[in-house]
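Please open the model in your viewer and keep the sequence panel beside it. The tour below proposes one selection after another and says what is to be found at each stop.

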Amino acid sequence: MMFQQSSRSLLDASKKSSSFRWTSSVGRTFSSRSPQDWVTTEETDDPSIAILKMNRAPANTLSLEMCTEISKAIKELESNKKTQAVILTSSLPTIFSAGLDLTELHNPDKDRLPAFWGAFQQLYFDLYGSRLATIGAINGHAPAAGCMLALSCDYRIMSKGNIGLNESKLGICAPPWLGQQFIDTIGLRKAELALNMGTLFDTKAALDIGLIDEIVGEDDVMDVAKTRASQWVAIPAPARVACKELTRGRQLNELKENRKQDVDHFCSFVNQEAMQRNLGFYFEQLAKRKK
Ligand SMILES: CC/C=C\CC/C=C/CC(=O)SCCNC(=O)CCNC(=O)[C@H](O)C(C)(C)COP(=O)(O)OP(=O)(O)OC[C@H]1O[C@@H](n2cnc3c(N)ncnc32)[C@H](O)[C@@H]1OP(=O)(O)O
């Protein structure tokens, strides 16, 4: 059963005709439903546990609007006192999230770029710092910022796909706060190796390295996620929230205090000619890969 206010149900969404079309900087045309349909929330049979689904075909990439919609959905769930946990997952068959939408980075709109990065920062604040217990039900690929979504959850189960921070392969480096999340999760040396090489881990390697907490069968993802959410909800909420503050508070505050510098650094980094060349090349390869 669906419940949230501004996030309409998948059923409602499927009745609507396609309403969003745009052309990317390398000339490919995307079409999709409107941003409000890119994220939906659902009830479970336990009123304290909700599901947040990303439905932005083809790859759940994080554009400015997608970041905003996920943030909005988290805030709406948090505003309901009964809700204590959220399961973050994807409705796409093989992709959890392919990370930042490269159309935002390549040949960027100079006015939109800072707003885009601000929305991505906000998503990090909202998910990593949520009062809710967050269970990542990673049911497909989760590279780069897709991995950030997973790392921001309290507990990660994964059924298939690859996960990691592959930014170096695009000729860029993950932002410091995302790098720190990675280091805090798998430890400095393993993170150092993986960040430099842009390693994407399959489920077994991701479990071995501590990037995910559990591998689950494809058909069991939601059942296991609900069971894990129940276990987290069973811990008294003030203790749970205090533990999160203890392990994540410093990192969250650091970025809060440096938000503007982080936006400025990102924009000047991305606007460099060499960076644009790298991104353009990577993006072309991505488009050609299928052919
Ligand atoms: C100071 C800090 C400075 C900078 C920091 C910048 C931080 C960046 C973090 C990021 O998140 S960068 C993005 C990194 N993401 C990736 O490298 C993932 C790229 N995608 C893939 O490798 C694959 O798509 C996949 C393994 C996730 C899935 O493969 P497959 O199932 O074969 O699907 P397709 O490749 O056919 O993808 C479907 C469709 O979606 C397009 N697409 C995929 N990823 C992106 C993306 N990140 N942005 C935009 N578009 C993407 C892909 O081109 C396909 O489009 P078609 O039109 O060909 O259908």
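## First stop: helix 2 and its surroundings

Select helix 2 together with strand 3 (39-43), strand 4 (49-54), strand 5 (85-90) and helix 4 (112-128), since these four elements are what the buried residues of helix 2 pack against. Bear in mind throughout that this is a predicted model. The buried residues of helix 2 are Met66, Cys67, Thr68, Glu69, Ile70, Ala73, Ile74 and Leu77. In general, an α-helix has 3.6 residues a turn, so residues three or four places apart point the same way.

With helix 2 (residues 64-78) still selected, place a distance between its end C-alpha atoms: they are 21 Å apart, which agrees with the 21 Å that 15 residues should span at 1.5 Å a residue.

Move next to glutamate 78, which belongs to helix 2. Is glutamate 78 buried or exposed? Glutamate 78 has 15 C-beta neighbours inside 10 Å and therefore counts as partly exposed; the buried class would need 20 or more. Leaving aside residues up to four places away in sequence, glutamate 78 touches Ser130, Arg131 and Leu132. Of these, arginine 131 is 53 residues away from glutamate 78 in sequence, while the C-alpha atoms of the two lie 7.2 Å apart.

## Second stop: strand 5 and its partners

Now select strand 5, in which six of the six residues are buried, so that this strand is largely enclosed by the rest of the structure. Ala85, Ile87 and Thr89 point one way from strand 5, whereas Val86, Leu88 and Ser90 point the other way. As a general rule, the side chains of a regular strand alternate between the two faces of the sheet.

Add strand 4, which pairs with strand 5 in the parallel sense over six bridges; isoleucine 51 has isoleucine 87 of strand 5 as its bridge partner. If helix 2 is shown again, strand 4, helix 2 and strand 5 can be followed as a right-handed β-α-β unit.

Then add strand 6 (residues 133-138), whose pairing with strand 5 is likewise parallel and extends over four bridges. Within strand 6, alanine 133 is the bridge partner of alanine 85, and threonine 134 is that of valine 86.

Widen the selection to the whole open sheet, whose six strands run in the order 3-4-5-6-8-10 with mixed pairing. At its edges are strand 3 and strand 10 (214-215), each of which pairs on one side only. Helix 9 (residues 221-233) lies across strand 4, strand 5, strand 6 and strand 8 (155-158), and runs at about 165° to strand 6.

## Third stop: the nonpolar core

Which residues have the most contacts inside the largest nonpolar core? In this core of 72 residues they are Leu52, Ile87, Phe120, Ile138 and Ile163. Helix 4 gives the most to this core, with eight residues. In soluble globular proteins generally, nonpolar side chains tend to be buried together.

Centre the view on isoleucine 87: apart from residues up to four places away in sequence, isoleucine 87 touches Ile49, Ile51, Leu52, Ile135, Ala137, Ala225 and Ala229.

## Fourth stop: three places in the loops

Select proline 58, in the loop between strand 4 and helix 2. The peptide bond that leads from alanine 57 to proline 58 is cis, with omega near 10°.

Go on to asparagine 107, in the loop between helix 3 (102-105) and helix 4, where phi is near 45°, a positive value in a residue other than glycine. Asparagine 107 is partly exposed, with 13 other C-beta atoms within 10 Å.

Finish the loops with alanine 144, between strand 7 (142-143) and helix 5 (145-151). Alanine 144 also has a positive phi, of about 50°, although it is not a glycine. With 25 C-beta neighbours inside 10 Å, alanine 144 counts as buried.

## Last stop: the whole chain

Finally, show the entire protein chain, which has twelve helices and ten strands. Of its 291 residues, 39% are buried. Among the contacts in the chain with a separation of 6 or more, 73% are between residues 24 or more positions apart.

Conventions
Residues are numbered from 1 along each chain as its sequence is written. This is a predicted model: local features need pLDDT of at least 70, side-chain atom pairs count only at pLDDT 80 or more; totals for chains, interfaces and linings use all residues. Helices (H or I, at least four residues) and strands (E, at least two) are DSSP runs, numbered from the N terminus. The expected span of a helix is 1.5 Å times one less than its number of residues. A residue is buried if 20 or more other C-beta atoms lie within 10 Å of its own, exposed if 12 or fewer, and partly exposed in between; C-beta atoms are placed from the backbone. Two residues are in contact if their C-beta atoms, placed from the backbone, lie within 7 Å. A nonpolar core is a set of buried Ala, Val, Leu, Ile, Met, Phe, Trp, Tyr and Cys residues joined through C-beta atoms within 7 Å. Two strands pair if DSSP finds at least two bridges between them. Axes are lines fitted to C-alpha atoms, for helices over the stretch in contact, and angles run from 0 to 180 degrees between N-to-C directions. A crossover is right-handed if, with the strands pointing away from the viewer, the path from the first strand over the helix to the second runs clockwise.
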